[in-house]
Amino acid sequence: MNIFIKEKTNYYAPIKYVLKLIEKNRNVEFQFINNVHKADIIWDHENEISEYFNYEFYESLEKNIENLKHRNIFSDSVVIKDEESNKTDYVTTIFYLINCIQELNPSEEELDQFNRFKYTSSLQHKFEVIEENLVEQLMDKFCEKHQIKGSKRNSRFFISHDIDTIYGSFLQDGFWALKKMKIGVILKLLVFELSRKQHWKNIDKIININDEHDIKSTFFWLVNKGKGTQNVKNADYRLRKEAKLLNLVDQSRNTNGLHKSCSTMSINEELQKGNLKSTYNRYHFLNFRTHSDWKKISDSRLNFDCSLGFAEHYGFRNSYGKAFQPFDVLTNEPFDFIEAPLHFMDGTFHKYMKEPTQNIGNTIIDFYSKNKENCDFSLLWHNTYFTDYKYNSFFDEYKKILSFIYESKIECLTPKDLIQENKLEW
């Protein structure tokens, strides 16, 4: 299909970018041409046969981003329309959603005490669409409108583990056991402590349970210890002293990555401090701001990040189910790394949503079953939830999910897979 987008305009690059995403999503190929008369679809604000698009949006993107708050863009539904003709701008809506334009210049009221964009500030909360893969639906409608025949693939999983603490079991599991009057558990924990085989120092256990289900996963490590910025607790370990654990991950053909700490250190400084050769990252405490931290990621050695999720609720923070290459609105081109949105986190269900533990596995499985195509679901399960004591039932839910993945023959992905599949040819 031949595509014409008027060059030297403020909408040329964003519209081309969305079409490049559709190419990846549907396994199709567009021809971008300079001859408007040979084009099947045209974007030209001065041409009356052009595809409808909201020209004012791109003016605001260039000159007045305050106009791009979601309350100014969407009135009664999450789609950009022309009020008079009722024509729908699928492409601009996709661009807005997938790149978190609502978060471009957040006010203090839109941020929580940790400087994170709040779920309650989002359009996903306002319109109750956090569980809707809206971008996929918009791509469906665009392809139907223009009779674009592509293909979809079965949804898959990307599984990871943030290693925040490995020495906390004696106190936390011990306090739980004391409240339950489980003296035998306290004695076991004491033996673990004395033998230096702490219960949460369980990387081998995680690897073994994953291997039983033919799954490889990614482990994200903190390089800074103790209290960090905004009084957030970083690691309770020193990474360079835990080289055996990182080697175990490497030798078992799993993957290590950086868990960018809450600190004033740059990404590259943390990679150097931890002697990490990895180019993969997730921000600790999901403590990052999309556009400003995407710039920091792009300026670093990283080529993969997986921090884009709301701590408060599972689902689609950017209304999309796949990894993607974010767009830099300042340089008017894609950033040079892949972002894999985070969809499910143990702490979200436990600490924020207060979901009954026995429901968590089925909630994730049901969510997958409603989105069987074209999603790469990111699942985060901390090592602290692989326990026989305080969080014992969470371990059962994790095994329930892994059994579903194994029995359903669902493919599991690595950061390398996601980078190779989603890198745009720009």
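Colleague: Let's start with Cys262: in which loop does it lie?
Modeller: Keep in mind that we're looking at a predicted model. Here Cys262 sits in the loop between strand 6 and helix 11 (267–273).

Colleague: And is Cys262 buried or exposed?
Modeller: The cut-off for buried is under 20% relative accessible area. Cys262 has 3% relative accessibility, so it counts as buried.

Colleague: Which residues does Cys262 touch, not counting residues up to four places away in sequence?
Modeller: Let's leave Glu242 out of this one: it is 20 residues from Cys262 in sequence and 20 Å away in space, C-alpha to C-alpha. The residues that Cys262 touches are Gly228, Thr229, Val232, Asn234, His284, Phe285 and Asn287.

Colleague: What about Thr255, is that buried or exposed?
Modeller: Thr255 belongs to strand 6 (residues 255–260). Its relative accessibility is 16%, and buried means under 20%. So Thr255 counts as buried.

Colleague: Which residues is Thr255 in contact with, leaving aside its neighbours within four places in sequence?
Modeller: Remember that Thr255 is found in strand 6. With those neighbours set aside, its contacts are Ser217, Thr218, Phe219, Val249, Tyr280 and Pro415.

Colleague: Now helix 2: why are its buried residues on the same side?
Modeller: The buried residues of helix 2 (residues 55–63) are Phe57, Tyr58, Ser60 and Leu61. They sit on the same side of helix 2 because, around the axis, they cover an arc of only 155°. In general, an α-helix has 3.6 residues a turn, so residues three or four places apart point the same way. The value to remember for these buried residues is that arc of only 155°.

Colleague: What covers the buried residues of helix 2, and which exposed residues are on the face turned away?
Modeller: The cover includes helix 1 (12–26), helix 3 (70–73) and helix 4 (90–98). On the face turned away from the buried side, the exposed residues are Glu56, Glu62 and Lys63.

Colleague: Which residue caps the N-terminal end of helix 2?
Modeller: Look for a side-chain oxygen that lies 3.1 Å from the backbone nitrogen of Glu56. The residue it belongs to, and so the cap, is Asn54.

Colleague: Last one: what volume does the largest cavity have?
Modeller: The structure holds 5 cavities of 30 Å³ or more. The lining of the largest one includes Asp112, Arg116, Phe117 and Leu286, and by class it has 4 nonpolar, 1 polar and 4 charged residues. The volume of this largest cavity is about 70 Å³.

How values were computed. Residues are numbered from 1 along each chain as its sequence is written. This is a predicted model: local features need pLDDT of at least 70, side-chain atom pairs count only at pLDDT 80 or more; totals for chains, interfaces and linings use all residues. Side-chain values use heavy atoms; hydrogens and water are left out. Buried means under 20% relative accessible area, exposed over 50%, partly exposed in between (1.4 Å probe, protein chains only). Helices (H or I, at least four residues) and strands (E, at least two) are DSSP runs, numbered from the N terminus. The arc is that of the directions from the helix axis to the C-beta atoms. Contact means heavy atoms within 4.5 Å. A polar contact is a pair of N or O atoms within 3.5 Å; within protein, one must be able to donate a hydrogen and the other to accept it, and residues adjacent in sequence count only if both atoms are side-chain atoms. On a 1 Å grid over the protein atoms alone, a cavity is a set of points where a 1.4 Å probe fits but cannot get out, and a pocket is an open set with protein on both sides within 12 Å along at least five of seven lines; lining residues have an atom within 4 Å of a point. Grid points are joined across faces, edges and corners, and a volume is the space filled by probe spheres set on the points. Ala, Val, Leu, Ile, Met, Phe, Trp, Tyr, Cys and Pro count as nonpolar, Asp, Glu, Lys and Arg as charged, and the others, Gly among them, as polar.
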